[in-house]
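These are my notes from a look at one helix and one buried side chain. I wrote them down in the order I looked things up.

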Amino acid sequence: MRLFVSEGAPGSLPVLAAAERAQGRAELLISTVGPEDCVVPFLTWPKLPVLQLDSGNYLFSTSAICRYFFLLSGWEQDDLTNQWLEWEATELQPALSAALYYLVVQGKKGEDVLGPVRRALTHIDHSLSRQSCPFLAGETESLADIVLWGALYPLLQDPAYVPEELGALHSWFQTLSSQEPCQRAAETVLKQQGILALRPYLQKQPQPSSLERRAVSNEPEEEELATLSEEDIAVAVTAWEKGLGSLPPLRPKQNPVLPVAGERNVLITSALPYVNNVPHLGNIIGCVLSADVFARYSRLRQWNTLYLCGTDEYGTATETKAMEEGLTPQEICDKYHVIHADIYRWFNISFDIFGRTTTPQQTEITQDIFQRLWNRGFVLQDTVEQLRCERCARFLADRFVEGVCPFCAYEEARGDQCDKCGKLINAIELKKPQCKVCRSRPVVKSSRHLFLDLPKLEDQLEGWLGKTLPGSDWTPNARFIIRSWLRDGLKPRCITRDLKWGTPVPLKGFEDKVFYVWFDATFGYLSITANYTDQWERWWKNPEQVNLYQFMAKDNVPFHGLVFPCSALGAEDNYTLVSHLIATEYLNYEDGKFSKSRGVGVFGDMAQDTGIPADIWRFYLLYIRPEGQDSAFSWTDMLLKNNSELLNNLGNFINRAGMFVSKFFGGYVPEMMLTSDDQRLLAHVTLELKHYHQLLEKVRIRDALRSILTISRHGNQYIQVNEPWKRIKGNEADRQRAGTVTGLAVNIAALLSIMLQPYMPTVSATIAAQLQLPTAACSILPTDFLCTLPAGHQIGTVSPLFQKLENDQIESLRQRFGGGQLEESLELKAKASPKPAVVETVTAAGSQQIQVLMDEVTKQGNIVRELKAQKADKNQVAAEVAKLLELKKQLALAEGKPLDTPKGKKKK
């Protein structure tokens, strides 16, 4: 073998570091050549580094050469490393190329250089921090480490470009840079000139476009058209001419929807939202909206599709909320289930079923799975040390406890999991624990509990993952999270809790306990389906015929990718397990996090009060969907995307296409005589449509949305170049040309209508109505661009689809949802209060007074619950509830929290 490298070529760094892996495994000659030497005989431009194999073949991809060296050393490929390499090629390299060009060629410094690559660096740092391992794929150096180190070394060798807050990244980079193979590679390539050694090489490269500027541009981008063959064009023209007749027949609707042998049966779930709170935009995009797009796409593909979700109603969180609002847990569930359902209905989420977990079916299915696990020896008994609040006189479930995380020192970690570092916690491990109800410090006491023996199930889980993951569409973060759990070794996990609100444990001696919600919540998918149809087992005990897609945010991955599969495998009842686990990262709000208590961020029940239609919210949330890394909702960016992508690009094109038909051709689609340029456009649109399908089949929802906007830009450019408004006034040939351009444009608009349906269903239906699309054109998404509106087709009345968002409108919303609505609420309620003196006194109260009020609220809450349990006279209960609400109002004012309106049962 012969390896060709060049001084000043960045790609030579990782291959030289990796080459030492091949030492002693094969004979390797390393040659240093000039940057302009053409080593590969069949390439017309210089390409370095290059590995010439003994067979005479050439490898000239940096990662491919490194992979070859690692394989020679006996390294075994793994999913996580492959995911890192894909990320390096698609995400890191474009950003890094821009940063190095600015630094070395243009002489820029500081944030101009760091800006394009900051998010990528943060992603690496967060990944290293989460797994608490020194390397990207585990405890030992991997191919991913060498490839990423080599890519980053030219920039990060200057400590100024390693942000101080990225400690894990700094440690990783220093560890690799101190290794001898990496040091020798740096000396060979940079020759002690540092970053300047790259200048001759980078000066010959095309100038990269700024990622930052492109992201916020308000102007449509010029699309670089792909190269087409004559065959591509001919195939596209043939498909176009076949028209709607080439579509398959519509699937007859079923009720209930059940699997059909020989068809593609797609079962889709959204992670069940906790019933006790109102979902914010991050919750909506992470679970229900992402799943809704895929469900709508599946139906348009004529796949047999069932999409389900529901509220997760058992557990500590519900008890906590019930205590706060002076209601029973069942009353809380009833109230908030309706709130959730209303929100998702407004967002146009197309559930086949939206159920709940407080049902007899949930109890029956959970207890059956437990009994099967118990009978097979997969459940252990043990005594657990738990936190007990002596003031509240009860053991504290995890969500009743807050304290300092023992791993990352986050001060508001819950008793089951830290929201900052994501690690699961045993409540007794918390530092400075507090009871969330009364804020007193709990004590540690013992209680006997049941445990799922995960170590005994680990081999079965590994075997299942080995068959499932290859070829599946599990997202990289889901694969990473599950592998990190397995790498650390599974441990028995407690599955019972000292609560009353939950699924009862069917075992002697444990009658006073319920199942821990993380154990039985995922069984909610089964019980919700069982409430929908008594033939639920045809979906959930049918892995041979059912493809299960599960959507969630990344914090839910362990429960869906590990706990539920272990439970189902241990039960040995042929359960359908997840085929494709789709997990998003987190969506932040502007520069921080969503917070209901602080009035920060848009929550589901607030979006409809903004005056912005649901489809605009859907579009923007899907446009910024946090795939691969966290993203942030921004009011300014929402305005830009609405006004540029929707109003100026998509809406402008569809409206013009329809208006030309109405204005110039009396509302009838004109005859089309396609030229070679028109046929080429057919092929380009077909190519983009196929790309859209490829992306959505891989559940890359955000990227597929770009394909819609790209086709629209092609359409706008086509109209601009051909100017039908001018040609219609010319001679017969010009008028014929105007007709062809108009007919082709309105057919592109028809295609965009159905491509938009998964993303913006109301807008899609509006376009379909304006163009009077045939039923098939609205119900089946073709894989080729077809002529759906032939000459002579009459369209309806065309009107604009979108409205411009104004700066003052957006600024007002920014203020309102940046905490402004909380201040406004407090101000209005203070003015309306009949006892201002009392308000002033309570507001001025110190911590001692707040503690007294807390004690009074707890005491009064206990009185109310006891009366309800005894089924006391309604008037007596109402009087005590009124006292509780008044105390809570005084406490909220003392703590500076928002004053909620009185809550309780509505009078009939």
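I started with what packs over helix α10 in this predicted model. The cover over the buried residues of α10 includes α24 (676–697) and α27 (732–756).

Next I asked which residues of α10 are buried. I found I233, A236, V237, A239 and W240. They sit on the same side of α10, because the arc they cover around the axis is only 165°. The spacing fits the general rule: an α-helix has 3.6 residues a turn, so residues three or four places apart point the same way.

I then turned to the face of α10 directed away from the buried side, where the exposed residues are E230, E231, E241 and K242.

I checked the length of α10 as well. The helix runs over residues 230–242, 13 residues, so at 1.5 Å a residue it should span 18 Å. The C-alpha atoms at its ends are 19 Å apart, which agrees.

I looked at what follows the helix. G243, just after α10, has a positive phi of about 65°.

Second entry: Q362, which I located in helix α14 (residues 360–375). Is Q362 buried or exposed? Its relative accessibility is 1%, so Q362 counts as buried, the cut-off being under 20%.

I listed its contacts, leaving out residues up to four places away in sequence: Q362 touches Y314, T357, T503, D520, F523, G524 and S527. For G524 I also noted a distance: a polar atom of the Q362 side chain lies 3.5 Å from the backbone nitrogen of G524.

Conventions
Residues numbered from 1 in each chain as written. Predicted model: local features only at pLDDT ≥ 70, side-chain atom pairs only at ≥ 80, totals over all residues. Heavy atoms only, no water. Helix = DSSP H or I, 4+ residues; strand = E, 2+ residues; numbered from the N terminus. Expected span 1.5 Å × (residues − 1). Buried < 20%, exposed > 50% of the residue type's maximum accessible area, 1.4 Å probe, protein only. Arc of directions from axis to C-beta. Contact = heavy atoms within 4.5 Å. Polar contact = N/O pair within 3.5 Å; in protein donor to acceptor, adjacent residues only side chain to side chain.
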